[in-house]
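Thanks, everyone. I'll put the model up and go through it briefly.

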Amino acid sequence: MVIGLKNFDDDTDKVEFNGEPILDWEVIEMKTYKKNKLVDFPHFLSNILVMSEKARNLLNDYFSDYAQFLPIKHGKQTLFFINVTNVIDCLDYTRTEYVTMPSGKISHFKRLYFNKDQVENSLIFKTPEFANKKVFVTDKMKEIIEKSNLEGIEFNQEWDSDITKEIERKNSEAYEKKIFEIDQREGQKYAWSEAVELLEYNKALTSGKWKIQKNKQGTMVLGQLTFDFSYMWMNPIYLPPSLLDLQWKLDEKADI
C-alpha cells in the first residue's frame with residue numbers, strides 16, 4: 001500500500017525529518033495513493049518509515065531509544081511516522097567513495113563505509129550527511145523485524161562490516177574482470193537506439209555493468225551488475241546520458 005499526505009500544501013513542511021526530536025507534533029491525515037494488501041509498513045517516502053499500530057506495539061521497546069512514534073490518521077486507522085533521532089557521525093571517509101565538485105564540496109556518494117565500533121550498538125540510526133534522506137538499520141534490527149513476521153518493509157544493503165580492505169580489493173578486481181569479460185564477448189555491437197529497438201523482439205543486451213531487457217510485464221528494465229555478479233533491476237524514470245554512448249551486445253535474457 002502506498003499512502004500520501006491528504007493536505008499536501010499544509011503538511012509538507014511537517015514531514016521534513018532531519019534527525020531532530022519534534023516536540024509539538026500534531027496528528028496529520030493521510031490518504032491512499034495505491035491500494036494493495038494492508039501491510040504493517042505502508043510506503044510513504046523512501047526516507048521515512050511508516051508503521052501500523054501492531055508494528056509499533058511489537059517494536060516499541062527496540063525503537064524507543066532511537067526514534068519517536070508520531071501518530072497519523074489514515075481513514076479509521078492510526079499509523080505512525082518513525083522520526084529517527086539517533087544521528088551518528090560514523091562514516092569512514094578513508095574508505096567511503098564519493099564524488100566532489102570543483103569547489104571541493106561532495107556532490108554524491110558512490111559507496112558507504114561506516115566505523116563499525118560507532119554503530120554496532122545501535123539498532124537504527126541516521127548520519128549527518130543523510131539526516132533527511134536515509135534511515136539505516138543494523139543486521140540485528142533487520143533480524144528483529146523479520147522474525148516479527150511484519151509485512152511491507154524491504155531492506156537494501158549499504159555496507160557489510162565483515163568486508164575488510166583486502167576482501168574489498170579482491171572483490172573489486174573480480175568485478176572489473178567480469179566487466180572486461182562481458183565487453184570482450186564476441187558479437188555485433190549496437191548503438192543505444194538499435195539496442196532499444198531489439199527489446200521489441202524480446203532480446204536482452206549488455207554493455208559493461210549495464211543490462212537492458214523487457215520484464216514479464218513488457219516494461220523495459222535496466223540492470224546494474226552487482227559484486228555477486230547478479231543484476232539489480234530498476235524501472236528507469238531517468239536514463240544516465242552515459243548509457244546513450246555505449247555499445248551494446250546481445251545477451252541471455254533474465255527471468256524477471
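Among the contacts in the protein chain with a separation of 6 or more, 58% are between residues 24 or more positions apart. Keep in mind that this is a predicted model.

On secondary structure, the protein chain has 6 helices and 14 strands. Along the principal axes, its C-alpha atoms fill a box of roughly 60 × 40 × 40 Å.

Next, burial and surface. The protein chain has 256 residues, and 36% of them count as buried. The accessible surface of the chain is about 16100 Å², and carbon and sulfur atoms contribute 47% of that.

Charges next. The protein chain carries 35 positive and 42 negative charges, and the mean positions of the two sets lie 5 Å apart.

Now two backbone details, both in loops. Which loop holds Asn202? The one between helix H6, residues 192-199, and strand S10, residues 204-207. Asn202 is not a glycine, yet its phi is positive, about 65°. As for the side of the surface it falls on, Asn202 is exposed, because its relative accessible area is 51% and the cut-off for exposed is over 50%.

The other one is Phe229. Where does Phe229 sit? In the loop between strand S12, residues 220-225, and strand S13, residues 231-234. Here too the residue is other than glycine and phi is positive, near 70°. Phe229 has a relative accessibility of 37%, so it counts as partly exposed; that class runs between the 20% limit for buried and the 50% limit for exposed.

That is what I have. Questions are welcome.

Definitions and conventions:
Residues numbered from 1 in each chain as written. Predicted model: local features only at pLDDT ≥ 70, side-chain atom pairs only at ≥ 80, totals over all residues. Heavy atoms only, no water. Helix = DSSP H or I, 4+ residues; strand = E, 2+ residues; numbered from the N terminus. Buried < 20%, exposed > 50% of the residue type's maximum accessible area, 1.4 Å probe, protein only. Contact = heavy atoms within 4.5 Å. Areas by Shrake-Rupley, 256 points an atom, 1.4 Å probe, with all protein chains shown as cover. Lys, Arg positive; Asp, Glu negative; His and termini not counted. Charge placed at Lys NZ, Arg CZ, Asp CG, Glu CD.
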